[in-house]
Amino acid sequence: MMAPFRHCVLIALTTTLLISSITAENVEEIRKKCQSVEGLKSCGLCVKQHPDCVWCSDTDLKVPRCDHKTAFERTCPSAAANAGASALNIPTQHNFPLDFIHPQSNLKVQIEPQQAFLKLKPGDVLRVEFTYKHLKPAVEVRDFSIQTSDVQSIGLGVKFEIDCKGKTVVGNICHGIKEGDIIKFYANVTLNECKAGGSLAASIGVYGYNMVSALYVTPLCACECEKVQNQRRNDYACNAAGTLVCGQCSCEKGFGGRKCECDLAKYGVSSPEELDNKCKTSPDQVPCNGKGTCECGKCKCNANYKGFQIQGKYCECDSTACPKDTSGRLCSGRGVCDCGQCKCEDGFTGPECGCSSDEAPCRENGKICSDNGKCACGKCACKDGFTGAFCSVAQDSDAKAGQSLNEAEFAEHDDEILPAKVDEEADKPAEKDDDSSSESVEDIEIPPTTADGEAAEEGTAEAATDGAASNSMQTLLSLLVGLLAAKVVLLVL
Ligand SMILES: *[C@@H]1O[C@H](CO)[C@@H](O)[C@H](O)[C@H]1NC(C)=O
C-alpha cells in the first residue's frame, strides 16, 4: 500500500535533485570548460570553449585568465575583459521603414530592416526580428515563403519563426496571405563554425519579391588583442624577454614564467611548459589548481579563496579541511590546519589534537605502560600479548587464565584514580565516575589493543555514528520531500 507513494517520493526526490544540480552545475561546468588546459592557452582558444568564457587581458591578474563571465565581474577590469560578446546592431541610417520609397531602387520598402550587423560567437543565438508587408506582386503569390542565400556553406545557421495569422510557425512558410498583410518573422542566427577569413554575409528575402535584407556577420572566433598589431614585443611587463599578447607573456627562448622572469636553465627545464608543469599535479591540470600563481615552477597560493586559506604544494588544500572535534572546532581549537593535517599545539596530539600528550596517566613504577605498549591519549595501548591498564599483565594463551588475571588486575587498581575500562573485559562495568574516568570514556570508546587496532576501531566507531546520523537525516529529508511531493501531486491532479 505504501509502495506507490514511496515511488512518488523517490521520483520527486530525484527530480528535485536533478533540477537543482542542473542549475547549480551549469556555471561550474562552464567554468571547467573555460579553465581547461586548452582554454587557458590563449584568448582565441578561451572564447571558443563556451560563449560565456571570457579572457582577461589584465597583466596583473592573479586568477586564471579564462573564466565564466560572471567570475570576472570583480577580478578583471572591464576594459581588460575580452568578452567578445555577441551583439546585434540595426543602424537606423541604413534602414528605411515600410512603405518608404527606397532612394536607390525607387521601390517601396516591403521588408524591414534591410541591413543588420551581427557579432556572433560560436554557440550564441542572435534573434533578428523582421517585418514584411505584402504588396501586390507582378505574379500572384499566395504563400509567404522566406528565401535565403546559402548560409550553411559559410558556417551560419538560420532558423525562422513566423507569426502566421495568430500562430507561431517554425519554418519558412505561411500559407494564404493577402495584399496588405503585415507579417512578422524572426531569424535565429547561429555561428556553427569558425572559418578563416573575415565577415560573412547572408541575404534574406521573400519569394516573389526582389529586394532582400542583408545580414552581415562578424564571427567572434579570435580576440582583437591577438592581432599582430596589438601584440607588444619585448614589453616591460614581460621583463623585456617576451611579447605581451592579450595580457599574457609569450617568452623568448630560454625564458619562462608568467612574466618571462624565469631563466629556464636555472630551474633545470627546457621549455616554459615544463616549468609550468612543476606547478601541476599532472600536465592536464591547470597550474596550482587554479587557486594560485605559478612562480618559476613553484605555486604561490592565493591568500584567500572564498573565505579560507589555500595551502599545499599545488594549492590543493584549504585551511578548513582538517579533522574537527565533536563541537565542530577545527583541530579541537588546539592546533592549526596544515593541508589536511592538524599541527597541534604543545601538549596535544591526535588527528584532531583531541588528546593530551601528557604521558603521566600511563606511567606506573616509572615506566610508560610497563614498556609493553604505547601511551595514546592518556591510555595505554598494549602490544599483543599484554593487557591491563598499564599493560603489565601478560595474556595467557588460555583465555580463562587470562580472564582471571585481568580480573585480578582490575581489583588491584580499583581504588586508584585510573581509567577503569581498558581491555576486552568490557562486561565488567566501570562504575567509577570521577573526572578522569568520565573523560576517558569519552575519549576512547573502544579500548584498543595495539596502536593499529586503535586507529581501525576508532574509525569504525566514527563511521557507525556518522551512518546513524545520515540515516536519520535521510529519513527527515524523505519525509520533507514526501510532503512536497504530495502537494505537487495534488496540484497536478
Ligand atoms: C529562436 O530563439 C528563441 C530565443 O532566442 C527561442 O525561444 C526560439 O525557440 C528559437 N526558435 C527556433 C526555431 O530555433
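**Getting to know this predicted model**

The model is predicted, and the protein chain averages a pLDDT of 77, with 74% of the residues scoring at least 70.

Q: Which element of the protein chain has the lowest mean pLDDT, and which the highest?
A: Let's start with the weak spots. Over residues 1-25 the pLDDT is below 50, and this stretch has 13 contacts in the model beyond near neighbours in sequence. Residues 399-473 also have a pLDDT below 50, with 64 contacts beyond near neighbours in sequence. Going element by element, the lowest mean pLDDT (40) belongs to helix α6 (residues 435-443), and the highest (96) to β9.

Q: How many helices and strands does the protein chain have?
A: Some background on the chain: buried residues make up 31% of its 493 residues. Of its contacts with a separation of 6 or more, 45% are between residues 24 or more positions apart. As for the elements, there are seven helices and 32 strands.

Q: Which residues surround the ligand?
A: Two strands, β7 (125-133) and β9 (156-164), each give the shell at least two residues. Sorted by class, the shell has two nonpolar, one polar and three charged residues. By name, they're Val125, Arg127, Lys159, Glu161, Val170 and Asn188.

Q: Which residues does Val189 contact, leaving aside its neighbours within four places in sequence?
A: Val189 is one of the residues with the most contacts inside the largest nonpolar core, which has 50 residues. A second, separate core has 14 residues, including Cys355 and Phe386. Back at Val189, and skipping neighbours within four places in sequence, the contacts are Leu118, Leu120, Leu126, Val128, Leu156, Val158, Leu215 and Val217.

Q: In the open sheet of β2, β1 and β3, which are the edge strands?
A: The three strands come in the order β2-β1-β3, and the pairing is antiparallel. An edge strand here pairs on one side only, and that fits β2 (66-68) and β3 (81-82).

Q: What is the bridge partner of Val54 in β2?
A: Strand β1 covers residues 53-56, and it pairs with β2 in the antiparallel sense over three bridges. Look across from Val54 to β2 and you'll find its bridge partner, Asp67.

Q: Which residues of strand β24 point to the buried face?
A: Side chains alternate along β24 (residues 341-344). Gln341 and Lys343 point to one face and are not buried. The buried ones, pointing to the other face, are Cys342 and Cys344.

Q: Which residue in the hairpin of β23 and β24 takes a positive phi?
A: Strand β23 (residues 335-338) pairs with β24 in the antiparallel sense over four bridges. Asp338 stands opposite Gln341 in β24. The hairpin has two residues between the strands, and the one with a positive phi, near 50 degrees, is Cys339.

Q: Why does Ser357 count as partly exposed?
A: Ser357 sits in the loop between β26 (355-356) and β27 (363-364). A residue is buried with 20 or more other C-beta atoms within 10 Å, and exposed with 12 or fewer. Ser357 falls in between, so it counts as partly exposed, because its number of C-beta neighbours inside 10 Å is 16.

Q: How far apart in space are Ser357 and Cys375, C-alpha to C-alpha?
A: Not counting residues up to four places away in sequence, Ser357 touches Gly347, Phe348 and Thr349. Cys375 is 18 residues from Ser357 in sequence, and in space their C-alpha distance is 8.5 Å.

How values were computed. Residues numbered from 1 in each chain as written. Predicted model: local features only at pLDDT ≥ 70, side-chain atom pairs only at ≥ 80, totals over all residues. Near = placed C-beta within 6 Å. Nonpolar A, V, L, I, M, F, W, Y, C, P; charged D, E, K, R; others polar. Pairing = 2+ DSSP bridges. pLDDT = per-residue confidence, 0-100. Contact = placed C-beta atoms within 7 Å. Core = buried A, V, L, I, M, F, W, Y, C linked by C-beta atoms within 7 Å.
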